[in-house]
Amino acid sequence: MYGNETKTIIRFENVSKFFGDFQVLRNIDFEIRIQERIVVCGPSGSGKSTLIRCINGLENHQHGNLVVDGVTLDGSSQTVNRIRGKIGMVFQGFNLFPHLTVIQNLTLGPMRARKMKAKEALELGMHYLERVHIPEQASKYPRELSGGQQQRVAIARSLCMEPKIMLFDEPTSALDAEMINEVLEVMVELAQSGMTMVCVTHEMGFAREVADRIAFMDAGEIVECSPPNKFFTAPDSERCQQFLDKILHHEDD
């Protein structure tokens, strides 16, 4: 969909990030290819969210190089603006405008940032509401929707900007258990469409199904990164094995 699938679209080169004296990312060397689906997992405080927030310039790294779709992020507003149009991001919170209807939330970005005409933006918004299976909610306000529906609106809103890369930061963590699957189903469909995706999640069933590689982080480092079969059956590090034992045992419960 986006060219040669072997081409690198995101590249970390010895990237480090500090919050004051605390080093949250430690010498990250990591490449993501076009159309690749990466799941990032690890214990709380391991640097997962900071890693993906650096990709779209929400956080600036202090050392190393981070290149996104040919743009080297240098902390300037110019480079951030260049890559923001290429990246969609879905957060734990839905971040919808409460005073706007669902379809107004979806058309605002295309009309303002992409200078799209209202009719075209409306058609685009309805297309992506169809894609996340809630076109009938177009005229409702966010408060009238369930948490799962709101998160699907948030996904559709990001897709309306037609990004090359989608980032997900624990997109199901704020949802009740029965709403998690409806959001994951949409994400699975998106992954199958060929979108480049980086997803921070503890949903290991989702990781097994869609990830090309799973990156395990601990203490600001990518400890290992491997395809799901190897990751779940023969992890290289003891830290990763301990994490899997804990999280998979919890899922079994």
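Biologist: Which residues is Leu-129 in contact with, leaving aside its neighbours within four places in sequence?

Modeller: This is a predicted model. In it, Leu-129 is in contact with Val-102, Ile-103, Leu-106, Ile-134, Pro-135, Ala-138 and Ala-156. That list leaves out neighbours within four places in sequence.

Biologist: Which residues touch the most other members of the largest nonpolar core?

Modeller: In soluble globular proteins, nonpolar side chains tend to be buried together. Here the largest nonpolar core has 51 residues. Leu-129, Ile-155, Phe-168 and Phe-206 touch the most other members. Helix α6, residues 177–192, gives the largest share of this core, with nine residues. Another core lies apart from it. That one has 29 residues, including Ile-9, Val-15, Phe-30 and Ile-32.

Biologist: Now a polar residue. Is Gln-151 buried or exposed?

Modeller: Buried means under 20% relative accessible area. Gln-151 is at 0%, so it counts as buried. Gln-151 lies in helix α5, residues 147–159. Beyond four places in sequence, Gln-151 is in contact with Val-90, Phe-91, Gln-92, Phe-94, Pro-171 and Val-183.

Biologist: And Thr-50, buried or exposed?

Modeller: Thr-50 has a relative accessible area of 10%, so it is buried. Thr-50 is found in helix α1, residues 48–55. Its contacts beyond four places in sequence are Lys-17, Phe-19, Val-24 and Leu-25.

Biologist: On to the sheet. In what order do the four strands stand?

Modeller: The order is β2-β1-β4-β5. The sheet is open, and the pairing is antiparallel.

Biologist: Which strands stand at the edges?

Modeller: β2 (22–33) and β5 (71–72) do. Each has a single partner strand, so one side of each is left without a neighbour in the sheet.

Biologist: How many bridges join β4 to β5?

Modeller: Two bridges join β5 to strand β4, residues 63–68. These strands run antiparallel. For one of the bridges, look at Val-67, whose partner in β5 is Thr-72.

Biologist: Last, cysteines. How many disulfides are there?

Modeller: A disulfide is a covalent bond between the sulfur atoms of two cysteines. The cut-off is 2.5 Å between the sulfur atoms. The count here comes to zero. Cys-41 is in no disulfide, and its nearest cysteine sulfur, that of Cys-240, is 6.4 Å away. Cys-41 is at 0% relative accessibility, so it counts as buried.

Biologist: Why is Cys-160 without a bond to the closest cysteine sulfur?

Modeller: The closest cysteine sulfur, in Cys-199, is 20 Å from that of Cys-160, so it is too far for a bond. Cys-160 also counts as buried, at 0% relative accessibility.

Methods:
Residues numbered from 1 in each chain as written. Predicted model: local features only at pLDDT ≥ 70, side-chain atom pairs only at ≥ 80, totals over all residues. Heavy atoms only, no water. Buried < 20%, exposed > 50% of the residue type's maximum accessible area, 1.4 Å probe, protein only. Contact = heavy atoms within 4.5 Å. Core = buried A, V, L, I, M, F, W, Y, C linked by side-chain atoms within 4.5 Å. Pairing = 2+ DSSP bridges.
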